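Please look over the sequence and the 3D view below. A short report on the fold, the core and the charged pairs follows.

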Amino acid sequence: MNKVILMGRLTADPEFRQTQSGTPCCRFRIAIDRPKAKDAQQAETDFINCVAWRARAEFVSRYFNKGSRILVEGAMRNND
C-alpha cells in the first residue's frame, strides 16, 4: 500500500505546464512543520516536492498560491 496524506503551506506559486500531448501538469512544493521537541528551541520543517496531473493540476494552479494551506493525498514516488 502506498498512500500519503500531507498538510502544509505552499512555498511558492504553483508552476502550471502542459506536456507536449496537452496533458495539464502542476508542480509545487509544500513546507510541513514537524512537532516541536520539548528540548528544541526551534521547530523543524520538511519541504516536499509534489506534482498534480490533469483536473487536479488545473485546480491547484487556479485556487492556490504562495503561503496557501494545502492538504495533499496521493502516492509517494522517489524520482532520483
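Helices (H or I, at least four residues) and strands (E, at least two) are DSSP runs, numbered from the N terminus. With that in hand, read the protein chain from the N terminus: its elements run β-β-β-β-α-β. That comes to one helix and five strands. The model is predicted, so local features need pLDDT of at least 70 and side-chain atom pairs count only at pLDDT 80 or more, while totals for chains, interfaces and linings use all residues. Residues are numbered from 1 along each chain as its sequence is written, and side-chain values use heavy atoms, with hydrogens and water left out.

## The chain as a whole

The C-alpha trace of the protein chain spans about 50 × 30 × 20 Å along its principal axes. Accessible areas come from the Shrake-Rupley method with a 1.4 Å probe; for residues, only the protein chains shown count as cover. The protein chain exposes about 6700 Å². Carbon and sulfur atoms supply 45% of that area.

Buried means under 20% relative accessible area, exposed means over 50%, and partly exposed is in between (1.4 Å probe, protein chains only). Of the 80 residues in the protein chain, 26% count as buried.

Contact means heavy atoms within 4.5 Å. Take the contacts in the protein chain with a separation of 6 or more: residues 24 or more positions apart account for 60% of them.

## The core

A nonpolar core is a set of buried Ala, Val, Leu, Ile, Met, Phe, Trp, Tyr and Cys residues joined through side-chain atoms within 4.5 Å. The largest one here has 14 residues. Leu10, Cys26, Phe28, Ile30 and Ile70 have the most contacts inside it. Two or more residues come from each of β1 (4-10), β3, β4 (45-53), α1 (54-63) and β5 (69-74). Which element gives the most to this core? It is β3, with four residues.

Cys26 shows how such a residue is surrounded. Leaving aside neighbours within four places in sequence, Cys26 is in contact with nine residues' worth of names, among them Pro14, Phe16, Cys50, Ala57 and Val60.

## Salt bridges

Side chains of opposite charge can pair when their charged atoms come close. A salt bridge is a side-chain nitrogen of Lys or Arg within 4 Å of a carboxyl oxygen of Asp or Glu. The structure holds four salt bridges. The table gives some of them.

| Pair | Closest N to O distance |
|---|---|
| Glu73 and Lys3 | 3.1 Å |
| Arg34 and Glu44 | 3.0 Å |
| Arg34 and Asp46 | 2.9 Å |

Start with the salt bridge between Glu73 and Lys3. The pair links distant parts of the chain: Glu73 is in strand β5 and Lys3 in the segment before β1, 70 residues apart. Both Glu73 and Lys3 are exposed.

Next comes the salt bridge between Arg34 and Glu44. Both lie in the loop between β3 and β4, so the pair ties together parts that are ten residues apart in sequence. Arg34 is partly exposed because its relative accessible area is 40%. Glu44 has 47% relative accessibility, so Glu44 counts as partly exposed too.

Arg34 also forms a salt bridge with Asp46. This pair links the loop between β3 and β4, where Arg34 lies, to strand β4, where Asp46 lies, twelve residues apart. Asp46 counts as partly exposed because its relative accessibility is 26%. Arg34, Glu44 and Asp46 are thus linked in a network of salt bridges.

## Polar contacts and a surface patch

A polar contact is a pair of N or O atoms within 3.5 Å; within protein, one must be able to donate a hydrogen and the other to accept it, and residues adjacent in sequence count only if both atoms are side-chain atoms.

Asp33 is in strand β3 (residues 24-33). Is Asp33 buried or exposed? Asp33 is exposed because its relative accessible area is 58%. A polar contact of 2.9 Å joins the side chains of Asp33 and Thr45.

Thr23 lies in the loop between β2 (15-18) and β3. Its side chain makes a polar contact of 3.5 Å with that of Ser21.Patches are made of residues with over 30% relative accessible area and no salt bridge: like charges are joined within 9 Å, nonpolar side chains (Val, Leu, Ile, Met, Phe, Trp, Tyr) within 5 Å. Ile5, Met7 and Leu71 form a nonpolar patch on the surface, with about 320 Å² of accessible area together. Ile5 is in strand β1. Ile5 is exposed because its relative accessible area is 53%.
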